[in-house]
Amino acid sequence: MADEDTQFGDFEGFGGRHVPEPLEEPLDQLAETFDEIHDTDEFRQRFRSYLRDFAGRPTPVFHAERLSEEYGAQIYLKREDLLHGGAHKVNNCLGQALLAEEAGKTRLVAETGAGQHGVATAMVGALLGLDTEIYMGEKDANRQRMNVFRMRLLGAEVNEVTRGGAGLADAVDVALEDFAANVDDTHYLVGSVVGPDPFPRMVREFQSVIGREARDQVREETGQLPDAAVACVGGGSNAIGLFDAFRDDDVDFYGAEGGGEGEGSGKHAAPLSEGEEGVMHGMKTRTLEDDTEVHSVSAGLDYPAVGPEHAMFRAVGRCDYRAVEDDDALDAFRTLSELEGIIPALESSHAIALARDLAGEMDDEDVILVNLSGRGDKDVEQAAEMFDLG
(Lines give C-alpha, C1' and ligand atoms only; values in the text may rest on other atoms or scores of the structure.)
Protein backbone atom coordinates (compact mmCIF):
# COMPACT_ATOMS: atom_id res chain seq x y z
CA MET A 1 0.00 0.00 0.00
CA ALA A 2 1.03 3.60 -0.49
CA ASP A 3 3.01 5.35 2.20
CA GLU A 4 1.58 8.12 4.37
CA ASP A 5 3.15 10.92 2.30
CA THR A 6 0.99 10.03 -0.72
CA GLN A 7 -2.31 9.67 1.13
CA PHE A 8 -3.46 13.23 0.59
CA GLY A 9 -2.53 13.96 -2.97
CA ASP A 10 1.11 15.01 -2.64
CA PHE A 11 3.40 12.79 -4.69
CA GLU A 12 6.82 14.37 -4.07
CA GLY A 13 5.55 17.70 -5.40
CA PHE A 14 3.29 16.21 -8.06
CA GLY A 15 -0.48 15.89 -7.79
CA GLY A 16 -2.29 18.31 -5.56
CA ARG A 17 -5.51 20.09 -6.42
CA HIS A 18 -5.32 22.80 -9.08
CA VAL A 19 -8.99 23.61 -9.72
CA PRO A 20 -11.37 26.58 -9.83
CA GLU A 21 -12.85 27.58 -6.49
CA PRO A 22 -16.35 26.13 -7.23
CA LEU A 23 -14.84 22.64 -7.37
CA GLU A 24 -13.02 22.88 -4.03
CA GLU A 25 -16.04 22.12 -1.83
CA PRO A 26 -17.33 19.08 -3.78
CA LEU A 27 -13.79 17.68 -3.90
CA ASP A 28 -13.45 18.23 -0.16
CA GLN A 29 -16.73 16.36 0.34
CA LEU A 30 -15.60 13.50 -1.91
CA ALA A 31 -12.26 13.23 -0.12
CA GLU A 32 -14.01 13.19 3.25
CA THR A 33 -16.42 10.47 2.09
CA PHE A 34 -13.58 8.37 0.68
CA ASP A 35 -11.35 8.76 3.74
CA GLU A 36 -14.17 7.90 6.15
CA ILE A 37 -15.75 5.01 4.27
CA HIS A 38 -13.39 3.09 1.98
CA ASP A 39 -11.52 1.29 4.77
CA THR A 40 -14.56 0.32 6.86
CA ASP A 41 -15.50 -3.35 7.12
CA GLU A 42 -18.97 -2.71 5.72
CA PHE A 43 -17.71 -0.95 2.58
CA ARG A 44 -14.92 -3.44 1.97
CA GLN A 45 -17.27 -6.40 2.29
CA ARG A 46 -19.73 -4.91 -0.17
CA PHE A 47 -16.98 -3.88 -2.60
CA ARG A 48 -15.35 -7.33 -2.49
CA SER A 49 -18.72 -8.99 -2.98
CA TYR A 50 -19.36 -7.03 -6.17
CA LEU A 51 -15.79 -7.63 -7.39
CA ARG A 52 -16.32 -11.36 -6.94
CA ASP A 53 -19.93 -11.86 -8.01
CA PHE A 54 -20.39 -9.08 -10.59
CA ALA A 55 -16.92 -8.42 -12.00
CA GLY A 56 -15.52 -11.95 -11.80
CA ARG A 57 -12.50 -11.64 -9.49
CA PRO A 58 -10.02 -13.03 -8.81
CA THR A 59 -8.50 -13.04 -12.29
CA PRO A 60 -5.82 -15.67 -12.95
CA VAL A 61 -2.15 -15.31 -13.72
CA PHE A 62 -1.29 -17.28 -16.86
CA HIS A 63 2.15 -18.58 -17.84
CA ALA A 64 2.41 -17.74 -21.55
CA GLU A 65 4.74 -20.62 -22.42
CA ARG A 66 4.84 -20.20 -26.20
CA LEU A 67 5.29 -16.43 -25.90
CA SER A 68 8.07 -17.04 -23.35
CA GLU A 69 9.83 -19.35 -25.77
CA GLU A 70 9.50 -16.78 -28.54
CA TYR A 71 10.69 -13.79 -26.48
CA GLY A 72 13.28 -15.45 -24.23
CA ALA A 73 12.10 -14.97 -20.61
CA GLN A 74 9.30 -16.45 -18.49
CA ILE A 75 6.28 -14.25 -19.18
CA TYR A 76 3.21 -14.34 -16.97
CA LEU A 77 0.02 -12.47 -17.80
CA LYS A 78 -2.34 -11.02 -15.19
CA ARG A 79 -5.62 -11.66 -16.99
CA GLU A 80 -7.66 -8.52 -16.36
CA ASP A 81 -9.05 -9.07 -19.85
CA LEU A 82 -11.26 -11.81 -18.37
CA LEU A 83 -13.24 -9.41 -16.19
CA HIS A 84 -16.87 -8.52 -16.91
CA GLY A 85 -16.72 -5.77 -19.49
CA GLY A 86 -13.35 -6.88 -20.79
CA ALA A 87 -10.92 -4.69 -18.84
CA HIS A 88 -9.61 -3.63 -15.44
CA LYS A 89 -11.84 -0.54 -15.48
CA VAL A 90 -14.71 -2.23 -13.63
CA ASN A 91 -12.63 -2.44 -10.41
CA ASN A 92 -12.49 1.33 -10.00
CA CYS A 93 -16.00 1.94 -11.33
CA LEU A 94 -17.54 -0.34 -8.73
CA GLY A 95 -15.63 1.35 -5.92
CA GLN A 96 -16.47 4.89 -6.99
CA ALA A 97 -20.12 4.10 -7.74
CA LEU A 98 -20.56 2.62 -4.26
CA LEU A 99 -19.00 5.77 -2.77
CA ALA A 100 -21.31 7.95 -4.87
CA GLU A 101 -24.31 6.00 -3.67
CA GLU A 102 -23.13 6.38 -0.07
CA ALA A 103 -22.83 10.14 -0.61
CA GLY A 104 -26.40 10.37 -1.90
CA LYS A 105 -25.51 11.07 -5.53
CA THR A 106 -28.03 9.94 -8.16
CA ARG A 107 -26.07 10.60 -11.34
CA LEU A 108 -22.70 9.59 -12.78
CA VAL A 109 -20.68 11.39 -15.44
CA ALA A 110 -17.49 10.03 -16.95
CA GLU A 111 -14.99 10.51 -19.74
CA THR A 112 -13.78 7.67 -21.91
CA GLY A 113 -11.15 7.13 -24.60
CA ALA A 114 -11.13 3.52 -25.80
CA GLY A 115 -14.61 3.14 -24.37
CA GLN A 116 -13.76 0.52 -21.74
CA HIS A 117 -14.14 2.97 -18.87
CA GLY A 118 -17.38 4.25 -20.37
CA VAL A 119 -18.71 0.71 -20.66
CA ALA A 120 -17.71 -0.07 -17.07
CA THR A 121 -19.35 3.14 -15.84
CA ALA A 122 -22.52 2.30 -17.74
CA MET A 123 -22.49 -1.21 -16.25
CA VAL A 124 -22.27 -0.02 -12.65
CA GLY A 125 -24.78 2.75 -13.31
CA ALA A 126 -27.26 0.13 -14.47
CA LEU A 127 -26.35 -2.15 -11.55
CA LEU A 128 -27.00 0.53 -8.91
CA GLY A 129 -29.77 2.45 -10.68
CA LEU A 130 -27.76 5.65 -11.23
CA ASP A 131 -28.33 7.90 -14.24
CA THR A 132 -25.20 7.81 -16.38
CA GLU A 133 -23.81 10.23 -18.95
CA ILE A 134 -20.57 9.54 -20.86
CA TYR A 135 -18.39 11.99 -22.79
CA MET A 136 -16.25 10.56 -25.59
CA GLY A 137 -14.16 12.34 -28.20
CA GLU A 138 -15.63 12.05 -31.69
CA LYS A 139 -12.32 10.66 -32.98
CA ASP A 140 -12.41 7.86 -30.40
CA ALA A 141 -16.12 7.18 -30.91
CA ASN A 142 -15.53 6.65 -34.61
CA ARG A 143 -12.88 3.98 -34.01
CA GLN A 144 -14.69 2.35 -31.09
CA ARG A 145 -18.27 2.12 -32.38
CA MET A 146 -18.93 -1.20 -30.66
CA ASN A 147 -18.24 0.30 -27.25
CA VAL A 148 -20.47 3.30 -28.03
CA PHE A 149 -23.29 0.84 -28.78
CA ARG A 150 -22.57 -1.13 -25.62
CA MET A 151 -22.79 2.02 -23.47
CA ARG A 152 -26.11 3.01 -25.01
CA LEU A 153 -27.44 -0.54 -24.70
CA LEU A 154 -26.63 -0.36 -20.98
CA GLY A 155 -28.76 2.75 -20.65
CA ALA A 156 -26.10 5.47 -20.65
CA GLU A 157 -26.33 8.70 -22.62
CA VAL A 158 -23.22 9.05 -24.80
CA ASN A 159 -22.12 12.50 -25.96
CA GLU A 160 -19.52 12.73 -28.73
CA VAL A 161 -17.16 15.67 -28.09
CA THR A 162 -16.07 17.62 -31.18
CA ARG A 163 -14.05 20.43 -29.63
CA GLY A 164 -10.26 20.63 -29.83
CA GLY A 165 -8.70 17.41 -31.04
CA ALA A 166 -11.92 15.47 -30.36
CA GLY A 167 -10.00 13.04 -28.17
CA LEU A 168 -9.77 11.91 -24.56
CA ALA A 169 -8.39 15.18 -23.16
CA ASP A 170 -11.32 17.08 -24.67
CA ALA A 171 -13.78 14.57 -23.21
CA VAL A 172 -12.22 15.15 -19.78
CA ASP A 173 -12.68 18.92 -20.18
CA VAL A 174 -16.39 18.58 -20.97
CA ALA A 175 -16.99 16.05 -18.19
CA LEU A 176 -15.36 18.43 -15.69
CA GLU A 177 -17.64 21.23 -16.87
CA ASP A 178 -20.69 18.99 -16.41
CA PHE A 179 -19.53 18.05 -12.91
CA ALA A 180 -18.97 21.70 -11.95
CA ALA A 181 -22.48 22.60 -13.08
CA ASN A 182 -24.20 19.67 -11.34
CA VAL A 183 -22.24 18.97 -8.17
CA ASP A 184 -25.31 18.58 -5.95
CA ASP A 185 -26.52 15.31 -7.49
CA THR A 186 -23.58 14.20 -9.68
CA HIS A 187 -20.42 12.19 -9.09
CA TYR A 188 -17.63 12.48 -11.67
CA LEU A 189 -16.38 8.92 -12.02
CA VAL A 190 -12.80 9.54 -13.15
CA GLY A 191 -11.39 6.60 -15.07
CA SER A 192 -7.72 6.73 -14.15
CA VAL A 193 -5.23 7.88 -11.51
CA VAL A 194 -5.46 11.44 -12.84
CA GLY A 195 -7.06 14.72 -11.84
CA PRO A 196 -7.17 16.62 -8.57
CA ASP A 197 -7.03 14.97 -5.16
CA PRO A 198 -8.64 12.63 -4.12
CA PHE A 199 -8.97 10.95 -7.54
CA PRO A 200 -5.38 9.65 -8.02
CA ARG A 201 -5.21 7.98 -4.61
CA MET A 202 -8.84 6.85 -4.73
CA VAL A 203 -8.49 5.13 -8.10
CA ARG A 204 -5.19 3.58 -6.98
CA GLU A 205 -6.94 2.12 -3.94
CA PHE A 206 -9.67 0.49 -6.03
CA GLN A 207 -7.23 -0.85 -8.64
CA SER A 208 -4.68 -2.15 -6.12
CA VAL A 209 -6.56 -5.46 -6.02
CA ILE A 210 -4.71 -6.30 -9.27
CA GLY A 211 -1.28 -6.30 -7.68
CA ARG A 212 -2.37 -7.90 -4.42
CA GLU A 213 -3.78 -10.89 -6.27
CA ALA A 214 -0.88 -11.09 -8.71
CA ARG A 215 1.76 -10.98 -5.96
CA ASP A 216 0.37 -14.09 -4.28
CA GLN A 217 -0.37 -15.86 -7.57
CA VAL A 218 3.09 -15.42 -9.08
CA ARG A 219 4.83 -16.45 -5.87
CA GLU A 220 2.66 -19.57 -5.65
CA GLU A 221 3.30 -20.38 -9.32
CA THR A 222 7.06 -19.70 -9.44
CA GLY A 223 8.25 -19.70 -5.82
CA GLN A 224 9.44 -16.11 -6.16
CA LEU A 225 8.34 -12.58 -6.88
CA PRO A 226 8.69 -11.42 -10.49
CA ASP A 227 11.92 -9.83 -11.61
CA ALA A 228 9.95 -7.21 -13.55
CA ALA A 229 6.38 -5.90 -13.56
CA VAL A 230 5.19 -4.36 -16.83
CA ALA A 231 2.05 -2.41 -17.73
CA CYS A 232 0.88 0.07 -20.33
CA VAL A 233 0.49 3.67 -19.16
CA GLY A 234 -2.01 6.19 -20.48
CA GLY A 235 -3.50 7.84 -17.43
CA GLY A 236 -1.93 4.95 -15.57
CA SER A 237 -4.52 3.15 -13.42
CA ASN A 238 -3.82 -0.43 -14.51
CA ALA A 239 -0.10 0.15 -13.99
CA ILE A 240 -0.51 1.66 -10.52
CA GLY A 241 -2.93 -1.15 -9.71
CA LEU A 242 -0.22 -3.69 -10.53
CA PHE A 243 2.77 -1.81 -9.09
CA ASP A 244 1.26 -0.84 -5.72
CA ALA A 245 1.65 -4.27 -4.11
CA PHE A 246 5.30 -4.50 -5.18
CA ARG A 247 6.44 -0.96 -4.38
CA ASP A 248 8.60 -2.08 -1.44
CA ASP A 249 9.91 -5.24 -3.12
CA ASP A 250 12.97 -5.85 -5.26
CA VAL A 251 10.84 -5.84 -8.41
CA ASP A 252 11.68 -3.58 -11.34
CA PHE A 253 8.80 -1.52 -12.76
CA TYR A 254 8.39 -0.77 -16.47
CA GLY A 255 5.69 1.38 -18.08
CA ALA A 256 4.85 1.29 -21.79
CA GLU A 257 3.63 4.61 -23.16
CA GLY A 258 2.07 5.31 -26.53
CA GLY A 259 5.07 6.03 -28.75
CA GLY A 260 2.84 6.71 -31.73
CA GLU A 261 4.73 7.23 -34.97
CA GLY A 262 8.10 7.31 -33.24
CA GLU A 263 10.76 9.63 -31.91
CA GLY A 264 11.05 12.83 -33.92
CA SER A 265 7.62 12.44 -35.53
CA GLY A 266 5.93 14.85 -33.16
CA LYS A 267 2.97 12.42 -33.01
CA HIS A 268 2.90 10.36 -29.82
CA ALA A 269 1.36 10.09 -26.34
CA ALA A 270 4.47 9.70 -24.16
CA PRO A 271 4.63 12.52 -21.57
CA LEU A 272 6.86 10.52 -19.23
CA SER A 273 9.41 9.71 -21.90
CA GLU A 274 9.28 12.90 -23.95
CA GLY A 275 7.19 15.50 -22.07
CA GLU A 276 7.70 18.17 -19.44
CA GLU A 277 6.31 19.17 -16.05
CA GLY A 278 3.04 21.07 -16.11
CA VAL A 279 -0.49 21.39 -14.76
CA MET A 280 -3.42 19.74 -16.51
CA HIS A 281 -6.89 18.62 -15.44
CA GLY A 282 -6.38 19.73 -11.85
CA MET A 283 -3.01 18.07 -11.20
CA LYS A 284 0.68 18.83 -11.44
CA THR A 285 2.28 16.08 -13.51
CA ARG A 286 4.12 15.34 -16.75
CA THR A 287 2.45 16.67 -19.90
CA LEU A 288 3.18 16.71 -23.60
CA GLU A 289 4.81 19.77 -25.09
CA ASP A 290 2.50 22.18 -26.91
CA ASP A 291 3.83 21.34 -30.38
CA THR A 292 3.16 17.59 -29.98
CA GLU A 293 0.19 16.05 -31.75
CA VAL A 294 -1.38 13.63 -29.27
CA HIS A 295 -1.49 10.29 -31.04
CA SER A 296 -1.52 6.56 -30.34
CA VAL A 297 -2.95 3.65 -32.28
CA SER A 298 -4.73 2.78 -29.01
CA ALA A 299 -7.44 5.22 -27.97
CA GLY A 300 -6.91 4.46 -24.28
CA LEU A 301 -3.32 5.74 -24.36
CA ASP A 302 -4.17 8.82 -26.44
CA TYR A 303 -3.85 11.30 -23.54
CA PRO A 304 -1.49 14.30 -23.20
CA ALA A 305 -0.71 13.83 -19.49
CA VAL A 306 -0.33 11.05 -16.93
CA GLY A 307 -1.18 10.29 -13.33
CA PRO A 308 0.97 12.24 -10.84
CA GLU A 309 2.15 9.12 -9.04
CA HIS A 310 3.76 7.97 -12.27
CA ALA A 311 5.43 11.38 -12.58
CA MET A 312 6.79 10.79 -9.09
CA PHE A 313 7.97 7.26 -9.92
CA ARG A 314 9.85 8.66 -12.90
CA ALA A 315 11.39 11.48 -10.86
CA VAL A 316 12.69 9.16 -8.12
CA GLY A 317 13.78 6.43 -10.52
CA ARG A 318 11.32 3.80 -9.30
CA CYS A 319 9.94 3.01 -12.78
CA ASP A 320 11.49 2.94 -16.24
CA TYR A 321 9.01 4.37 -18.76
CA ARG A 322 9.56 3.64 -22.43
CA ALA A 323 7.66 4.80 -25.51
CA VAL A 324 6.38 1.89 -27.62
CA GLU A 325 5.64 2.75 -31.23
CA ASP A 326 2.37 1.84 -32.96
CA ASP A 327 3.99 -0.73 -35.26
CA ASP A 328 5.59 -2.58 -32.34
CA ALA A 329 2.29 -2.67 -30.44
CA LEU A 330 0.49 -4.03 -33.51
CA ASP A 331 3.16 -6.72 -33.90
CA ALA A 332 2.66 -7.74 -30.25
CA PHE A 333 -1.13 -7.73 -30.76
CA ARG A 334 -0.76 -10.26 -33.54
CA THR A 335 1.98 -12.32 -31.86
CA LEU A 336 0.04 -12.91 -28.63
CA SER A 337 -3.07 -13.79 -30.62
CA GLU A 338 -1.24 -16.35 -32.76
CA LEU A 339 0.92 -17.92 -30.05
CA GLU A 340 -1.42 -18.01 -27.06
CA GLY A 341 -4.97 -17.67 -28.42
CA ILE A 342 -5.43 -14.43 -26.50
CA ILE A 343 -6.41 -11.26 -28.37
CA PRO A 344 -5.18 -8.33 -26.25
CA ALA A 345 -6.39 -4.75 -26.25
CA LEU A 346 -4.14 -2.46 -28.26
CA GLU A 347 -3.33 -0.68 -24.99
CA SER A 348 -2.13 -3.93 -23.41
CA SER A 349 -0.26 -4.78 -26.61
CA HIS A 350 2.14 -1.95 -25.78
CA ALA A 351 3.03 -3.76 -22.55
CA ILE A 352 3.53 -7.04 -24.43
CA ALA A 353 5.85 -5.27 -26.87
CA LEU A 354 7.86 -3.82 -24.00
CA ALA A 355 8.07 -7.27 -22.37
CA ARG A 356 9.59 -8.56 -25.62
CA ASP A 357 12.29 -5.89 -25.45
CA LEU A 358 12.96 -6.59 -21.77
CA ALA A 359 13.19 -10.33 -22.38
CA GLY A 360 16.04 -9.61 -24.78
CA GLU A 361 17.88 -7.91 -21.92
CA MET A 362 17.21 -10.67 -19.34
CA ASP A 363 18.00 -14.34 -18.75
CA ASP A 364 15.70 -17.11 -19.95
CA GLU A 365 14.64 -18.03 -16.40
CA ASP A 366 13.81 -14.46 -15.33
CA VAL A 367 10.13 -13.79 -14.61
CA ILE A 368 8.28 -10.92 -16.27
CA LEU A 369 4.76 -10.18 -15.02
CA VAL A 370 2.64 -8.29 -17.57
CA ASN A 371 -0.69 -6.75 -16.73
CA LEU A 372 -2.98 -7.71 -19.59
CA SER A 373 -5.32 -4.84 -18.82
CA GLY A 374 -8.00 -5.57 -21.41
CA ARG A 375 -9.14 -7.76 -24.26
CA GLY A 376 -9.00 -6.80 -27.91
CA ASP A 377 -12.57 -7.36 -29.09
CA LYS A 378 -13.01 -3.60 -29.34
CA ASP A 379 -9.89 -3.32 -31.54
CA VAL A 380 -10.42 -6.18 -34.00
CA GLU A 381 -12.15 -4.08 -36.65
CA GLN A 382 -9.45 -1.41 -36.43
CA ALA A 383 -6.66 -4.00 -36.56
CA ALA A 384 -8.28 -5.81 -39.50
CA GLU A 385 -7.81 -2.67 -41.57
CA MET A 386 -4.07 -2.79 -40.81
CA PHE A 387 -3.41 -6.50 -41.31
CA ASP A 388 -3.73 -8.51 -44.50
CA LEU A 389 -5.16 -11.79 -43.26
CA GLY A 390 -6.56 -12.86 -46.64
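L77 faces V370, a residue of strand 16. This pairing comes from a predicted model. Strand 4 covers residues 74-79, and strand 16 covers residues 367-372. The two strands run parallel. They are joined by 6 bridges.

Helix 13, residues 308-316, also packs on the sheet. Its contacts there are with strand 10 (252-260) and strand 15. The direction of helix 13 makes about 110° with that of strand 15.

Now take the sheet as a whole. It is open and has 6 strands. Their order is 3-4-16-9-10-15. The pairing is mixed. At the edges sit strand 3 (61-63) and strand 15 (319-325), each with pairing on one side only. Between neighbouring strands of this sheet, the average turn is 25°, ignoring direction.

Another helix meets the sheet elsewhere. Helix 10, residues 209-222, lies across strand 3, strand 4 and strand 16. Relative to strand 4, helix 10 runs at about 140°.

Next comes a loop residue, G165. Look for G165 between strand 7 (157-161) and helix 8 (168-181). Is G165 buried or exposed? G165 is partly exposed, because its relative accessible area is 49%, and the exposed class begins over 50%. Leaving out residues up to four places away in sequence, G165 touches K139 and D170. G165 also pairs a long sequence separation with a stated distance in space: E293 is 128 residues away in sequence, yet the C-alpha to C-alpha distance is 9.0 Å.

Notes:
Residues are numbered from 1 along each chain as its sequence is written. This is a predicted model: local features need pLDDT of at least 70, side-chain atom pairs count only at pLDDT 80 or more; totals for chains, interfaces and linings use all residues. Side-chain values use heavy atoms; hydrogens and water are left out. Helices (H or I, at least four residues) and strands (E, at least two) are DSSP runs, numbered from the N terminus. Buried means under 20% relative accessible area, exposed over 50%, partly exposed in between (1.4 Å probe, protein chains only). Contact means heavy atoms within 4.5 Å. Two strands pair if DSSP finds at least two bridges between them. Axes are lines fitted to C-alpha atoms, for helices over the stretch in contact, and angles run from 0 to 180 degrees between N-to-C directions.
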